[in-house]
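Here is a walk through one protein model, meant to be read with the structure open beside you. Let's start with the overall layout and then zoom in on a few spots.

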Amino acid sequence: MFNQFLWVIFPYLCLAIFIIGHIARYKFDQFSWTAKSSEFIEKKQLKWGSLLFHLGIVPVFFGHVVGLLIPAHWLEAVGVNNHLYHIGAVYIGSIFGIITLVGMFLLTARRVTKANVRRLSSASDILVNFLLLVIVFAGLYATLVVNATTPDFDYRQTISIWFRGLFMFSPDANLMTAVPFAFKLHVLLGFSIMALWPFTRLVHVWNVPLSYASRSYIIYRKHKV
């Protein structure tokens, strides 16, 4: 029953909160739909942390899409065999994973070590930072260490099939039983942050800044005592 809760009930619960939470927040609390930028307080560390994180997370996201949603035999049909996929997932994926981790570390360190930024931060801001840091670290650890120490394990034959089963409403929790702990932690924390997403600043991801280039400049004037 615990296995069923972790790999069937919990993911669906997180997905439901993710969808309903976004709808409710947009309907009733649009004024809080913001990234709450703290750039005017500290810019240098934010610039490098944000640049590295976003530079890494986009390829990492699409790598997850390919690895989880596209069946292995589909890739083989277009000439991407297991060896080529392994090179892309482990080596190229690890490079972007490290970039993402470094960026997330800089952003997290900035939020807790810069006094003015910390005062501006809410509890959810700090929680999201640390949660993202742990998620990225667990994923990178699973890719670099677990894949090397347990070469017989193939997440495309376990996690990927289970994950696609969620969207077909036929998830098989037994597929996750023998999955190494680092992969399990990465998956569970990933669903956890999806449940928190609607209630944090992460909602800014859905904002498309179409009017950014034509908007007026925002002028900040420093008050001199």
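## The overall layout

A quick word on terms before counting anything: helices here are DSSP runs of H or I with at least four residues, strands are runs of E with at least two, and both are numbered from the N terminus. By that count, the protein has eight helices and zero strands. Reading from the N terminus, the order of elements is simply α-α-α-α-α-α-α-α. Keep in mind that this is a predicted model.

The C-alpha trace spans about 65 × 35 × 35 Å along its principal axes. The protein has 225 residues, and 37% of them count as buried. About 14500 Å² is exposed, with carbon and sulfur atoms supplying 71% of that area. If you look at contacts between residues at least 6 apart in sequence, 82% of them join residues at least 24 apart.

## Two nonpolar cores

In soluble globular proteins, nonpolar side chains tend to be buried together. In this model the largest nonpolar core has 25 residues, and the members touching the most other members are Trp7, Ile159, Trp162, Phe183 and Phe191. Two or more residues each come from helix 1 (2–28), helix 6, helix 7 (159–167) and helix 8 (181–196). Helix 1 supplies the largest share of this core, six residues. A second, separate core has 19 residues, including Met104, Leu131, Ile135 and Ile193.

Trp7 is a good residue to click on. Leaving aside residues up to four places away in sequence, Trp7 touches Trp162, Leu166, Pro171, Ala173, Met176, Lys184, Val187 and Leu188. Trp7 also belongs to an aromatic cluster, together with Trp162, Phe163, Phe167 and Phe191.

## Helix 7 and the loop after it

How many of the nine residues of helix 7 are buried? Seven are, so to speak of this helix as mostly covered is fair. The buried ones are Ile159, Ser160, Trp162, Phe163, Arg164, Gly165 and Leu166. They pack against helix 1, helix 2 (44–69) and helix 8.

Just past the helix, Phe169 has a positive phi, near 55 degrees. Phe169 is exposed, with a relative accessible area of 70%.

## A stacked ring pair

The structure holds 14 aromatic pairs. Take Tyr12 and Phe169: their ring centres are 6.2 Å apart and the planes sit at 15 degrees, so this pair is stacked. The cut-off behind that label is an angle under 30 degrees between the planes. The two rings come from distant parts of the chain, with Tyr12 in helix 1 and Phe169 in the loop between helix 7 and helix 8, 157 residues apart.

Is Tyr12 buried or partly exposed? Tyr12 counts as partly exposed because its relative accessibility is 24%, and buried would mean under 20%.

## One salt bridge

Side chains of opposite charge can pair when their charged atoms come close. The salt-bridge count for this model comes to one. The partners are Arg201 and Asp125, whose closest N and O atoms are 2.9 Å apart. This pair also links distant parts of the chain: Asp125 lies in helix 6, while Arg201 lies in the segment after helix 8, 76 residues apart. Both Arg201 and Asp125 are buried.

## Helix 6, inside and out

Besides Asp125, helix 6 (residues 123–149) also holds Asn129. Where does Asn129 fall on the burial scale? With a relative accessible area of 9%, Asn129 is buried. Apart from residues up to four places away in sequence, Asn129 touches Met104, Leu107, Thr108 and Arg111. Among those contacts, Met104 is a member of the second nonpolar core.

Helix 6 also contributes to the surface. Ile98, Val102, Phe137, Tyr141, Leu144 and Val145 make up a nonpolar patch there, with about 510 Å² of accessible area together. The elements giving two or more residues to this patch are helix 4 (82–113) and helix 6. Helix 6 gives the most, with four residues. Phe137 is one of the patch residues, and Phe137 is found in helix 6.

Terms used: Residues are numbered from 1 along each chain as its sequence is written. This is a predicted model: local features need pLDDT of at least 70, side-chain atom pairs count only at pLDDT 80 or more; totals for chains, interfaces and linings use all residues. Side-chain values use heavy atoms; hydrogens and water are left out. Buried means under 20% relative accessible area, exposed over 50%, partly exposed in between (1.4 Å probe, protein chains only). Contact means heavy atoms within 4.5 Å. Patches are made of residues with over 30% relative accessible area and no salt bridge: like charges are joined within 9 Å, nonpolar side chains (Val, Leu, Ile, Met, Phe, Trp, Tyr) within 5 Å. Accessible areas come from the Shrake-Rupley method with a 1.4 Å probe; for residues, only the protein chains shown count as cover. A salt bridge is a side-chain nitrogen of Lys or Arg within 4 Å of a carboxyl oxygen of Asp or Glu. A nonpolar core is a set of buried Ala, Val, Leu, Ile, Met, Phe, Trp, Tyr and Cys residues joined through side-chain atoms within 4.5 Å. Rings of Phe, Tyr and Trp (its six-membered ring) pair if their centres lie within 6.5 Å; planes under 30 degrees apart count as stacked, over 60 as edge-to-face and the rest as tilted.
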